[in-house]
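Colleague: Could you take me through this model? I should like to begin with the chain interface and then move to individual residues.

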Number of protein chains: 2
Amino acid sequence: MIRIPYEEAVSVLAGILVRRGFDEKRARISAGLFADANRDGVLSHGLDRFGSYLQAIEEGLLVPSAEPILVHSSGALEQWDGRSGPGNLNARTCMARALELSGEFGVGCVGLRNTNHWMRGGNYGWQAAESNKIGICWTNTMPNLPPWGSSKPLIGNNPIIIAVPREDGPIVLDMAISQFSYGALSRYAAEGSHLPVPGGYDSYGKLTTDPAAVAESMRPLPIGFWKGSGLSILLDLVAASLSGGKATCDIEPNPARESGVSQVFLAFSPPDYPGLADRVAASLGEDVRYPGRETLERRRRSEKLGIPADEKIWSTILGM
Amino acid sequence: MIRIPYEEAVSVLAGILVRRGFDEKRARISAGLFADANRDGVLSHGLDRFGSYLQAIEEGLLVPSAEPILVHSSGALEQWDGRSGPGNLNARTCMARALELSGEFGVGCVGLRNTNHWMRGGNYGWQAAESNKIGICWTNTMPNLPPWGSSKPLIGNNPIIIAVPREDGPIVLDMAISQFSYGALSRYAAEGSHLPVPGGYDSYGKLTTDPAAVAESMRPLPIGFWKGSGLSILLDLVAASLSGGKATCDIEPNPARESGVSQVFLAFSPPDYPGLADRVAASLGEDVRYPGRETLERRRRSEKLGIPADEKIWSTILGM
């Protein structure tokens, strides 16, 4: 692990993006979203993914210059077409639009279709909370998780973000519906550790805490077994319905080819109830790490010391 | 298990409610919501709960004549005060209002505070789907579940419902955030069965599939361990923020005194994409029981044979 000044990371990444066809302004925003993930300690969805983002450009799945366009409006609910643009920029634009709609109507909702992986979903929750609004967003994915009752990956891990503003730092949930991501499985396997709780089935169909066995069988568990399975199916259906886009079953089941996903961005602008979020956080006591509890602390450390990054990944990026 | 004609169940329940202070019309609607739960096979949240509903009236927690009132509007987002009225009628009214708002604005959201247990949450999902709209609603509860990192029940099991219309019967998720409810734990214990997956901790702090041990320790698991714990906290915070009502930590931790809960009702009216829900359902294959898959079948059986009910509970009701 190394530390890099935030601004240095942004300008290195932005430079690479400009050489790949981004205009200067969009390159810097995209680079900032990658750097923000590392700054907040979410390395897995920050610089670690920059290579796959460039790969999608090379494959022609991600069109650097494409901007999302409004295709249907019914007041506080809009549908946008992401036109295969950069997933992180599309998501940011659509959360901004949902926030704008919530200023006008109290609640705003944008369904976004035909977009790409949004990288760190938590960024768009923070975006809402920093406007002092409640933000909820989720995305579908390619089929990568077996539903309850099947051993085949037919549903998505469909990350969902829920963010509530608070003066001392927002409370932000950013979670996928699988109990452990493939990334997490390989981290545990590399450390030679077992999973802290069962993470899926081995090739004999038995629940296991062996990360390599789960990765091999390709049968990770959804959270809550049948419950997360149902939740994933509904998040997918609602995302496809609100966006008019693809459902998980329509998306190519190949991590290198995943594109054309559907997303939902909801923003709420209720009257302010000062102290509510603090009261809830305090009620959980000292030992409970509620979502986002440590993010501001990590961010402050990154502002002082530079953002954390994997040394190998950073040196690969420097060579691009 | 016995079968009772739907209309007979409704008129018996309605008669009891009229004697408890409901007017005729509201008594019949409330009775219908109880009967609907049994008709659809959700006995645990139908007639099984009628006794606790009456108990809440006797305790003065549930005011039969109280109707919800609008307290704040910002267009498509409204806040309503349930005024301690019947939880099922308040919820039905507020979902109806969200549906109305979604007709005008594309999306509608009602935050409801100061209400009572809504009984079967799935009813309000079906209500949305039967209007050919997408419905999402959730409620907070008293503290009844330990968050991840604590052994004390500090968070709620906060049921959430997501419903998508479909010609052959809507797809409706209706789930609480605990892996097993206390009701489910006692059913397994009464049958002498183990839970199919770990359901919580025993008194020694070990994960267990022994239902009695979990009930005794009062440490049931949230779905997905830390993930469901975070989800519960955020659902609670958003419900309290959108309604201006109580958060879980403000609600008396006593099942017989639980009242003044906060709820959210969201309705969406996107353009219609025919075939989407059928395509998603078909993609899951024959073996996967997606949410709501069996409900219509159960409903048809009930329409033919009468609604299923626990014999002892029905005879208690007849004696009221």
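Colleague: How many residues of chain B are in contact with chain A?

Modeller: In chain B, 71 residues are in contact with 71 residues of chain A, contact meaning heavy atoms within 4.5 Å. This is a predicted model, in which local features need pLDDT of at least 70 and side-chain atom pairs count only at pLDDT 80 or more, while totals for chains, interfaces and linings use all residues. Residues are numbered from 1 along each chain as its sequence is written, chains are lettered from A and ligands numbered from 1 in the order in which they are written, and side-chain values use heavy atoms, with hydrogens and water left out.

Colleague: What area is buried between the two chains?

Modeller: About 5600 Å² is buried between chain B and chain A, and carbon and sulfur atoms give 79% of that. Buried area here is the accessible area (1.4 Å probe) that two parts lose on being put together, summed over both. On the side of chain B, Lys227(B), Leu234(B) and Leu237(B) lose the most area to chain A, together 11% of what that side buries.

Colleague: And how many salt bridges cross the interface?

Modeller: The rule finds 2 salt bridges between chain B and chain A, where a salt bridge is a side-chain nitrogen of Lys or Arg within 4 Å of a carboxyl oxygen of Asp or Glu. Asp250(B) and Arg279(A) meet in a salt bridge through their side chains, at 2.6 Å from N to O. There are also 16 residue pairs in polar contact between the chains, both residues at pLDDT 80 or more. A polar contact is a pair of N or O atoms within 3.5 Å; within protein, one must be able to donate a hydrogen and the other to accept it, and residues adjacent in sequence count only if both atoms are side-chain atoms.

Colleague: Which element of chain B gives the most to that side?

Modeller: Helix α8 (residues 226-243) of chain B does, with 14 residues. Helices (H or I, at least four residues) and strands (E, at least two) are DSSP runs, numbered from the N terminus. The residues of chain B that touch chain A divide into 48 nonpolar, 16 polar and 7 charged; Ala, Val, Leu, Ile, Met, Phe, Trp, Tyr, Cys and Pro count as nonpolar, Asp, Glu, Lys and Arg as charged, and the others, Gly among them, as polar.

Colleague: Next topic: salt bridges overall. How many are there over all chains?

Modeller: The count comes to 32 over all chains. One of them joins Asp40(A) and Arg299(A), with the closest N and O atoms 2.9 Å apart. That pair links distant parts of the chain, 259 residues apart: Asp40(A) is in the loop between α2 (24-39) and α3 (50-58) of chain A, and Arg299(A) is in helix α10 of chain A.

Colleague: Are those two buried or exposed?

Modeller: Both Asp40(A) and Arg299(A) are buried. Buried means under 20% relative accessible area, exposed over 50%, and partly exposed in between (1.4 Å probe, protein chains only).

Colleague: What about Asp40(B), which residue does it form a salt bridge with?

Modeller: Asp40(B) forms a salt bridge with Arg39(B), the closest N and O atoms being 3.1 Å apart. Asp40(B) and Arg39(B) are buried.

Colleague: And where do Arg257(B) and Glu59(B) lie?

Modeller: The side chains of Arg257(B) and Glu59(B) meet in a salt bridge at 2.8 Å, N to O. Arg257(B) lies in the loop between α8 and β10 (261-268) of chain B and Glu59(B) in the loop between α3 (50-58) and β2 (69-73) of chain B, so the pair ties together parts that are 198 residues apart in sequence. Arg257(B) is partly exposed at 27% relative accessible area, and Glu59(B) is partly exposed at 31%.

Colleague: Turning to Thr139(A), what does its side chain join?

Modeller: A polar contact of 3.1 Å joins the side chains of Thr139(A) and Gln263(A). Thr139(A) lies in strand β5 of chain A and counts as buried because its relative accessible area is 5%.

Colleague: Last one: which residues other than glycine have a positive phi?

Modeller: Among them are Ser84(A), with phi near 60°, and Arg83(B), with phi of about 50°. Ser84(A) is in the loop between β3 (77-81) and α4 (87-105) of chain A, and Arg83(B) is in the loop between β3 (77-81) and α4 (87-105) of chain B. Ser84(A) counts as partly exposed at 22% relative accessibility, and Arg83(B) counts as partly exposed at 40%.
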